[in-house]
Structures are given as C-alpha cells and as structure tokens.
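Please walk through this protein with its strands, its aromatic rings and one buried polar side chain in mind.

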Amino acid sequence: IHKPHDKKVNDSQGGTITAKRGFLNNVANHNTVNFNSVTSNSGSNLVRVTGGYILISDVHPAKDTKTGEANFNTVTMSGSHLENAEVLGADIQTDVYNTTDYWWDLKASATANENSVEIKESVFGTAFIAGASTEVETATVNKNSVLLDGVTIKNGLTSFIVGGNANNGEASGNTVEIKNSKFANNVTIYGGKGVTTTNNHVIIGENVTSLNEGRLFLQTLYGGWNGQFSNIPVDTGNKLTLASTVHTRDLAGFQHYEFLVSKELLENNTAMLQVAGNMWSPVQFKLSGENHTTIAIAGTDVSFKIGDSYTLIQSANGFTDENGTKITADTELSGIKSDMTLTTYSSLVRTHTDTLLAEEYELVVSEDGESLSMNVVDEINNGPGVTEINPETDALMESSLSTMTTHFAADDLFVDAVLRSRDGKRDGLFT
C-alpha cells in the first residue's frame with residue numbers, strides 16, 4: 001500500500017490502491033486497520049481503506065442466496081493526506097452473474113454491525129467515509145460509528161459521510177460525530193440510509209467550520225433517509241446535536257434536536273441551523289402524540305434574563321407539522337420543549353449547573369414563519385443550582401494522587417541509598 005520509508009502512495013497506471021482485511025471471505029469480523037501518516041499523490045487514484053471487506057460472488061440468481069457478515073471491525077487513521085479516498089469500517093459487495101445474453105445483480109443478504117472509523121488530523125480532497133456500507137439486496141447495518149476530529153475535506157460536492165448505509169435494508173443506531181474540522185461547501189452527511197432508519201445520531205460538535213472558518217455549509221443533512229424524495233419520516237428517533245453553526249440545503253429525517261449554545265453564539269444571535277429549503281422543505285415537526293419532536297437546549301458559560309431571545313433554526317420555506325399544516329407564530333409548541341441545562345466553569349476545579357425550566361421560556365415561530373426562537377418569558381429559577389468538581393480536573397487530580405506512594409518510596413530510596421550510604425549504623429527501608 002505504501003513504500004516503507006516515504007509512505008507515499010503512487011500508481012502511475014491509475015486505478016485503485018486498497019488496504020483491507022477479510023477479502024473474498026463471507027465472514028470478516030474483528031479486524032483492525034491502522035492507517036497513519038500516508039500521503040497520496042494528486043490525480044485520479046482512489047485509496048480505499050476498509051476494516052472488513054466481503055465480495056459475495058459465484059451465486060446463481062435463480063438457485064440460492066449467499067450471506068456476508070462483517071462485524072466489529074475498526075479503522076483508525078491519523079496524519080494522512082489523501083486526494084481521493086474511501087474509508088469504511090465494513091464494506092459488503094456483490095458480484096454480478098453474467099450470461100451471453102444478460103446479467104443479474106446477485107441475491108444476497110448482509111450483516112454489518114458495530115464497525116467503526118476514527119480519523120484524526122487528516123486531509124482529504126474527495127472522501128467517502130462510512131462506519132459500514134453495503135449495496136446488497138437485504139442488509140442489516142446497525143450501531144456503526146464515524147468519528148472525525150481535526151479533519152479537512154477540500155472537495156465538498158463529491159464527499160459523503162455516513163454512519164451506516166444499508167441500501168434496501170435497515171440502518172439503525174449509527175453515529176456520526178465531527179469536531180474541530182473544516183469542510184469545503186456541499187458535503188453530504190447522514191446518520192443512516194435504508195428502508196428502515198431509527199435512532200441514528202449526527203453530532204456536529206465544537207469548532208466545525210467551512211474552509212474559511214465561517215459557518216459550515218452542507219449539501220444535505222439527514223438523520224435517517226429512506227431513499228425517497230418525499231415523506232421522510234420524522235418520528236423514528238433520529239437525533240441531531242449541534243454545537244457549531246450549520247447551513248444546509250436540505251434537512252430531513254430528524255425527530256430530536258439538541259442545541260449546545262455558547263456565550264459567543266448568544267452575543268451574536270447567530271442561528272444555530274439555517275435551512276435553505278430545496279427538496280425536502282419546509283422543516284417538519286411532529287407536535288404531539290407518540291414519538292413527537294423534541295427540542296433540547298444546553299449552554300456553557302451563558303446566562304439568561306427575561307426578554308432574552310435566541311434564534312435556533314432559520315428555514316427559508318418555514319415549518320410544518322406532521323400533517324403538512326403550516327406552523328405560525330400562534331402555533332402552540334410547548335409540547336416539544338424541555339428543561340435547559342446551563343453550565344458555568346467557575347474555575348478549573350469547579351463547575352456550577354443551573355436549570356432553565358421549560359415553563360420559563362417559550363419556543364416561537366416568527367411572524368414571517370421562517371425562524372424558530374427561544375424566548376425567556378418568566379422569572380428564572382433562582383435556586384442554588386449544583387456546584388461540583390470539574391470531572392476532567394477531578395480525573396487529573398485522582399491520577400496524580402495515585403502516584404504519590406511512588407514519590408514517597410523514591411524519596412526513601414534516595415535518602416537511604418545516597419544520604420545514609422556512609423553510615424551503616426542508621427536504619428532505613430533501603431539501607
């Protein structure tokens with residue numbers, strides 16, 4: 001895959017350069033690929049890195065069906081620069097059955113569960129990144145994950161990030177988490193793609209921006225996508241968590257929204273999520289009944305007073321309920337909000353947590369119908385809140401305390417072996 005010294009990928013004839021495990025075997029489980037400090041030359045070469053790869057072949061379409069299984073595979077990547085890459089925790093593909101007159105796609109079933117991709121401090125030109133993916137006829141692609149930390153993507157329109165892709169099967173419980181990263185405009189992100197997509201989670205954490213360090217601009221952002229261009233369900237448990245500002249042409253397939261606001265965002269009154277409105281617009285909420293939409297807000301180092309207002313979502317084509325009825329400024333939205341948690345770091349050692357109760361603020365759609373805001377409308381709970389040790393500092397302190405016995409023993413060793421070495425009459429543990 002690369003030269004052992006300069007770690008550069010170069011195939012002058014073009015084609016695909018591949019690092020993978022489990023090839024041509026119907027079972028590929030518990031494989032690990034570590035792909036670090038690799039650079040590919042610019043051009044058309046595709047570098048494909050796969051934890052568990054299966055090619056299902058030699059099946060007569062009229063006679064039988066084969067299965068493929070790729071579970072618990074892991075790909076880790078760091079310090080790499082790849083111009084054209086596919087990175088997949090698991091990948092299950094089928095061959096085609098050829099005759100002199102026609103060909104068929106083979107009938108097959110696949111299971112690709114609990115695979116993971118973790119990429120840190122790497123740069124891509126074009127990238128397809130998936131926890132697991134398959135195009136077979138029947139598939140289960142569940143509980144896979146993608147973590148991108150410190151990743152740059154330079155060509156957005158041809159880049160895709162997917163938790164789990166099941167084609168015609170089930171893609172549920174998959175997670176995509178992105179933080180400290182920069183993307184060119186028009187990357188596509190979805191938690192899960194399949195006929196059934198439930199409980200997928202897309203997390204766009206802190207410091208995720210466009211290449212110019214402004215708002216992140218996406219092509220499409222789905223929680224769960226069933227491959228259709230209308231009637232995307234919004235009651236299937238898929239969740240969007242935002243700690244950075246995002247603009248997307250299309251938004252679909254989310255039931256739960258979680259906004260992690262900061263002091264800087266509040267001061268600028270910058271909408272966390274902007275939806276341009278293209279194919280699946282307006283933004284749709286399920287306002288009541290089982291599996292209704294929920295909107296949760298949490299803040300760090302922020303405070304609110306009566307009259308404060310903050311825009312959460314701007315939608316160029318407005319908002320509707322599950323029946324397609326337009327949501328207006330008069331629409332009751334109390335059923336979808338929850339208590340707000342506010343955390344203040346009073347020092348490196350201590351944090352203080354307050355709660356803004358759901359009845360102390362309201363969710364309101366603007367008069368023009370294009371913005372969803374939170375407005376503080378009641379006296380904020382003035383209870384004492386909760387003050388506790390910062391868990392990160394606490395972990396550091398406890399790890400430091402655990403080494404104290406070693407320090408004490410080292411002191412005794414030094415005193416006994418060096419300072420008392422000339423006096424045999426004096427006792428010591430190490431004399």
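The paragraphs below take up strands first, then a loop asparagine, and then the aromatic rings.

The model is a predicted one, and a convenient place to enter it is strand β3, which covers residues 32-36. Along β3 the side chains alternate, with Val33 and Phe35 pointing to one face, where they are buried, while Thr32, Asn34 and Asn36 point to the other face and are not buried. In a regular strand such alternation between the two faces of the sheet is what one finds. Strand β3 is joined to β7 (residues 74-78) by 5 bridges, and the two strands run parallel; within this pairing, Phe35 has Met77 of β7 as its bridge partner.

A comparable pattern can be followed along strand β16 (residues 175-179), where Val176 and Ile178 point to one face and are buried, whereas Thr175, Glu177 and Lys179 point to the other and are not. Strand β16 pairs in the parallel sense with β14 (residues 145-153) over 5 bridges, and Leu147 stands opposite Glu177 there. Strand β16 also pairs in the parallel sense with β19 (residues 201-204), over 4 bridges, and in that pairing the bridge partner of Val176 is Val202.

An open sheet of 3 strands, in the order β6-β11-β13, also shows parallel pairing. Because β6 (66-69) and β13 (138-140) each have a single partner strand, they stand at the edges, and one side of each is left without a neighbour in the sheet. Neighbouring strands of this sheet are turned by 10° against each other on average, direction ignored. Strand β6 is joined to β11 (residues 108-111) by 4 bridges, and Lys66 stands opposite Ala108 in β11. Ser57, in the loop between β5 (46-56) and β6, is buried with a relative accessible area of 15%, and the C-alpha atom of Ser57 is separated by 9.8 Å from that of Lys107, although the two residues are 50 apart along the chain.

Which surroundings does Asn238 have, leaving aside its neighbours within four places in sequence? Asn238 is placed in the loop between β21 (216-225) and β22 (239-242), and its relative accessible area is 0%, so it counts as buried. Its contacts include Thr197, Thr198, Asn200, Gly223, Gly224, Phe254, Gln255 and His256. Two further contacts can be described at the level of atoms: a polar atom of the Asn238 side chain lies 3.3 Å from the backbone nitrogen of Asn199, and a polar atom of that side chain lies 3.3 Å from the backbone oxygen of Gly253.

Phe254, one of the residues in contact with Asn238, leads on to the aromatic rings, since ring pairs link Phe254, Tyr257, Phe259, Phe285 and Phe319 into a cluster. The count for the model comes to 7 aromatic pairs. Among them, Tyr257 and Phe285 form an edge-to-face pair, with 5.8 Å from centre to centre and 75° between the planes. Tyr257 lies in strand β24 (residues 256-262) and Phe285 in the loop between β26 (283-284) and β27 (294-300), so the pair ties together parts that are 28 residues apart in sequence. Tyr257 is buried, with a relative accessible area of 4%, and Phe285 is buried as well, with a value of 1%. A ring takes part in another kind of arrangement at Tyr361, where the charged end of Lys337 sits over the ring, 5.2 Å from its centre.

Methods: Residues are numbered from 1 along each chain as its sequence is written. This is a predicted model: local features need pLDDT of at least 70, side-chain atom pairs count only at pLDDT 80 or more; totals for chains, interfaces and linings use all residues. Side-chain values use heavy atoms; hydrogens and water are left out. Rings of Phe, Tyr and Trp (its six-membered ring) pair if their centres lie within 6.5 Å; planes under 30 degrees apart count as stacked, over 60 as edge-to-face and the rest as tilted. Buried means under 20% relative accessible area, exposed over 50%, partly exposed in between (1.4 Å probe, protein chains only). A charge sits over a ring if NZ of Lys or CZ of Arg is within 6 Å of the ring centre and within 35 degrees of the ring normal. A polar contact is a pair of N or O atoms within 3.5 Å; within protein, one must be able to donate a hydrogen and the other to accept it, and residues adjacent in sequence count only if both atoms are side-chain atoms. Contact means heavy atoms within 4.5 Å. Two strands pair if DSSP finds at least two bridges between them. Axes are lines fitted to C-alpha atoms, for helices over the stretch in contact, and angles run from 0 to 180 degrees between N-to-C directions.
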